[in-house]
Amino acid sequence: MNRLTFNSISSLFKRIGVFVCLAGSSWAQPMLPFWKGKVMYNESVMMISKDGKQPEARLLFTPKRILKVTSSGLDKEYRKGIDWEYKDGKLYLLPGTSAVSMTGAELAPDSGRFKRVGGGYVLHQEGAFFHQHQLAVTYKHRKNQWKGPLPVFAGDRLPVTTDKLRRKEKIHILLFGDSIAAGANASGRANTAPDLPDWGELFAAEVRRAYGTEVVFTNTAVGGKTSAWGKDEAPQAVVAHQPDLVVLAFGMNDGTGKMAPEVFKENIASIINQAKAAKPATEFLLISTMLPNPESFFVGTQRDFKKVLEELTGPGCTLVDITAVHDELLQHKTYQDLTGNNINHPNDFLIRWYAQFLAGTLIPGDR
């Protein structure tokens with residue numbers, strides 16, 4: 001369980017400060033909305049070589065000028081024309097560079113834990129492995145390049161929460177879900193540079209910064225769990241904490257187990273009802289999950305959960321559609337650009353999308 005209070009917020013700032021100092025901007029840089037402005041900061045890429053060709057990767061937006069290419073830890077910078085080049089719409093590594101890359105064969109080994117669609121296995125590693133095999137790219141681009149979904153301020157859907165925030169009252173946010181919610185593969189959780197916190201912590205810190213009020217953050221998420229477990233554990237993991245706002249983030253494991261959407265809906269509804277029975281004013285943010293690696297057998301009914309989650313929304317309950325965000329990102333980038341374990345966890349870059357969309361739901365206008 002992870003708890004973030006007003007008195008302990010400084011420790012989070014120190015963790016974020018590692019990222020910030022190396023990135024060369026304010027502490028809030030990881031939370032600058034990707035869909036605004038003209039600079040993309042530290043977009044993650046995995047440089048992949050296929051059939052012996054130069055390692056390559058695509059960027060989310062077309063760059064006007066690449067400002068820097070660094071290690072994912074942001075502590076080593078690579079030089080244009082010596083380590084990398086950009087041509088024909090792709091970033092390429094040059095011979096002799098020390099920048100990390102992987103081959104298609106390494107990503108699809110002959111043995112492993114998880115089988116691959118079409119034969120072989122999907123490379124899977126937890127901890128910092130994939131993070132340390134990715135690069136970070138900062139570049140200038142034209143405005144309004146993001147064509148995917150945008151967060152919608154939920155002041156009308158979450159009136160109790162937003163009114164408390166406007167009045168600068170203390171608020172308690174609780175996050176309940178699976179390993180994605182627990183922060184798996186965030187660099188801060190893996191004890192590796194740049195030590196970025198998980199998306200729940202980033203979100204809570206941004207709410208506190210924007211409203212200048214005390215935010216208590218509790219994370220009761222547990223890796224490997226489903227919404228069925230969540231329904232059973234709700235009395236201890238949610239109700240006992242008496243939160244003002246509950247963020248529910250299940251779906252990945254439910255989908256892998258091919259849970260029927262109607263059953264998933266019933267489980268989430270049960271968690272909501274249990275919390276509201278104990279504290280009627282409790283409000284909810286429902287998260288539709290990111291997607292699993294399409295080459296893995298973890299793909300199941302994850303995409304079907306968004307619709308039933310939407311059916312649960314109404315006064316006091318709204319949806320943050322990360323499924324659609326991840327879908328749009330995958331139209332432009334590889335799964336390996338965005339993953340922390342190559343199966344079903346986000347890396348720092350996708351964690352920032354999670355946190356930014358949550359923040360945009362509670363914070364109106366430009367941040």
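**Salt bridges and a covered helix**

The side chains of R116 and E295 meet in a salt bridge, 3.3 Å from N to O, in this predicted model.

Student: How many residues apart in sequence are the parts that R116 and E295 tie together?

Tutor: Look at where each partner sits. R116 is in the loop between β10 (114-115) and β11 (121-122), while E295 is in the loop between β16 and α9. So the pair ties together parts of the chain whose separation in sequence is 179 residues.

Student: Is E295 buried or partly exposed?

Tutor: Buried would need under 20% relative accessible area, and exposed over 50%. E295 comes out at 34%, so it counts as partly exposed.

Student: OK, and K307: which residue does it form a salt bridge with?

Tutor: Stay within helix α9 for this one. An α-helix has 3.6 residues a turn, so residues three or four places apart point the same way. K307 and its partner both lie in α9, four residues apart, about one turn of the helix. With the closest N and O atoms 2.8 Å apart, the partner is E311.

Student: What about K90 and E56, how far apart are their closest N and O atoms?

Tutor: This pair links distant parts of the chain: K90 is in strand β8 (residues 90-93) and E56 in strand β4 (residues 56-57), 34 residues apart. Even with that separation in sequence, K90 forms a salt bridge with E56, and the closest N and O atoms are apart by 2.6 Å.

Student: Switching to helix α10, how many of its eight residues are buried?

Tutor: Helix α10 spans residues 322-329 and is mostly covered. The cover includes β16 (283-288), α9 (305-312), β17 (317-321) and α11 (348-362). Of the eight residues in α10, the number buried is seven.

Terms used
Residues numbered from 1 in each chain as written. Predicted model: local features only at pLDDT ≥ 70, side-chain atom pairs only at ≥ 80, totals over all residues. Heavy atoms only, no water. Buried < 20%, exposed > 50% of the residue type's maximum accessible area, 1.4 Å probe, protein only. Helix = DSSP H or I, 4+ residues; strand = E, 2+ residues; numbered from the N terminus. Contact = heavy atoms within 4.5 Å. Salt bridge = Lys/Arg side-chain N within 4 Å of Asp/Glu carboxyl O.
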